[in-house]
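This report describes a single protein chain through its side-chain contacts and backbone features. Please consult the sequence and the structure shown here while reading.

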Amino acid sequence: VRENPSGVDLNRNWDEMWKGTTNNRADTNPGPHPFSEPETRIFKQLVTEFKPTTFLTVHSGTKGMYMPWAYDMHHLAARNEPAMMQILKLLDAKH
């Protein structure tokens, strides 16, 4: 489940390409503003403190693995893109 008890889709509650909406359907509601939800604020704090160099997201519903900021094929992550793509290719070949 992507939405929290407040009906906010946590996948859309980030500051990267955040777009507010008047359509508050639970499956696409981004919340009133980026990081408005405690779950995304906690994760942001964790990542800020830890400072990972590689980050992949697994989307089991689509059986997809993605790197950050890959909201389209024209805006891929520039930092560590080769390393992240190598990991994705390796994992994709095995699964």
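The text below treats the overall architecture, the aromatic contacts, the surface, the salt bridge and selected backbone features.

## Overall architecture

The coordinates are those of a predicted model. Two helices and two strands make up the secondary structure of the protein chain, and their order from the N terminus is α-β-β-α. The protein chain comprises 95 residues, of which 20% count as buried.

Helix α1 covers residues 38-50. With 13 residues at 1.5 Å a residue, α1 should span 18 Å, and the separation of its end C-alpha atoms, 18 Å, agrees with that expectation.

## The aromatic cluster

Which residues form the one aromatic cluster? The members are W14, F35 and F43. A pair of aromatic rings is described by the distance of the centres and the angle of the planes. The count of aromatic pairs comes to two. In the pair of W14 and F35, the arrangement is edge-to-face, with the centres 5.5 Å apart and 85° between the planes. Both W14 and F35 lie in the segment before α1, and they are 21 residues apart in sequence, so the pair ties together separate parts of that segment. W14 is partly exposed, with a relative accessible area of 28%, whereas F35 counts as buried at 12%.

W14 also forms an edge-to-face pair with F43, at 5.8 Å centre to centre and with 85° between the planes. This second pair links distant parts of the chain, since W14 belongs to the segment before α1 and F43 to helix α1, 29 residues apart. F43 is partly exposed, its relative accessible area being 32%.

The two pairs are set out below.

| Aromatic pair | Centre to centre | Angle between planes | Arrangement |
|---|---|---|---|
| W14 and F35 | 5.5 Å | 85° | edge-to-face |
| W14 and F43 | 5.8 Å | 85° | edge-to-face |

F35 has a further contact in addition to its ring pair with W14: the charged end of K44 sits over the ring of F35, 4.5 Å from the ring centre. The backbone of F35 is also of note, because its phi is positive, near 60°, in a residue other than glycine.

## A nonpolar surface patch

F43, a member of the aromatic cluster, also contributes to the surface. Together with L46 and F55, F43 forms a nonpolar patch there, with about 250 Å² of accessible area in total. L46, like F43, is placed in helix α1. The value of 32% for F43 is over the 30% relative accessible area that a patch residue requires.

## The salt bridge

How many salt bridges does the structure hold? There is one. Its partners are R12 and D9, whose closest N and O atoms are 2.8 Å apart. Side chains of opposite charge can pair when their charged atoms come close. The separation of 2.8 Å falls within the 4 Å cut-off for a salt bridge. Are the two partners buried or exposed? R12 is partly exposed, with a relative accessible area of 37%, while D9 is buried, at 0%.

## Backbone features and sequence-distant contacts

Where is K51 placed? K51 belongs to the loop between α1 and β1, the latter covering residues 57-59, and follows just after α1. Phi of K51 is positive, near 55°, in a residue other than glycine. At 63% relative accessibility, K51 counts as exposed.

Two further residues of the segment before α1 take part in C-alpha approaches between positions separated in sequence. One of them is E16, found in the segment before α1 and partly exposed, with a relative accessible area of 38%. The C-alpha atoms of E16 and P34 are 8.4 Å apart in space, although the residues are 18 apart in sequence. The other is E37, also found in the segment before α1, which counts as buried at 7% relative accessibility. E37 and N4 are separated by 33 residues in sequence and by 8.4 Å in space, C-alpha to C-alpha.

Methods:
Residues are numbered from 1 along each chain as its sequence is written. This is a predicted model: local features need pLDDT of at least 70, side-chain atom pairs count only at pLDDT 80 or more; totals for chains, interfaces and linings use all residues. Side-chain values use heavy atoms; hydrogens and water are left out. A salt bridge is a side-chain nitrogen of Lys or Arg within 4 Å of a carboxyl oxygen of Asp or Glu. Buried means under 20% relative accessible area, exposed over 50%, partly exposed in between (1.4 Å probe, protein chains only). Rings of Phe, Tyr and Trp (its six-membered ring) pair if their centres lie within 6.5 Å; planes under 30 degrees apart count as stacked, over 60 as edge-to-face and the rest as tilted. Helices (H or I, at least four residues) and strands (E, at least two) are DSSP runs, numbered from the N terminus. A charge sits over a ring if NZ of Lys or CZ of Arg is within 6 Å of the ring centre and within 35 degrees of the ring normal. Patches are made of residues with over 30% relative accessible area and no salt bridge: like charges are joined within 9 Å, nonpolar side chains (Val, Leu, Ile, Met, Phe, Trp, Tyr) within 5 Å. Accessible areas come from the Shrake-Rupley method with a 1.4 Å probe; for residues, only the protein chains shown count as cover. The expected span of a helix is 1.5 Å times one less than its number of residues.
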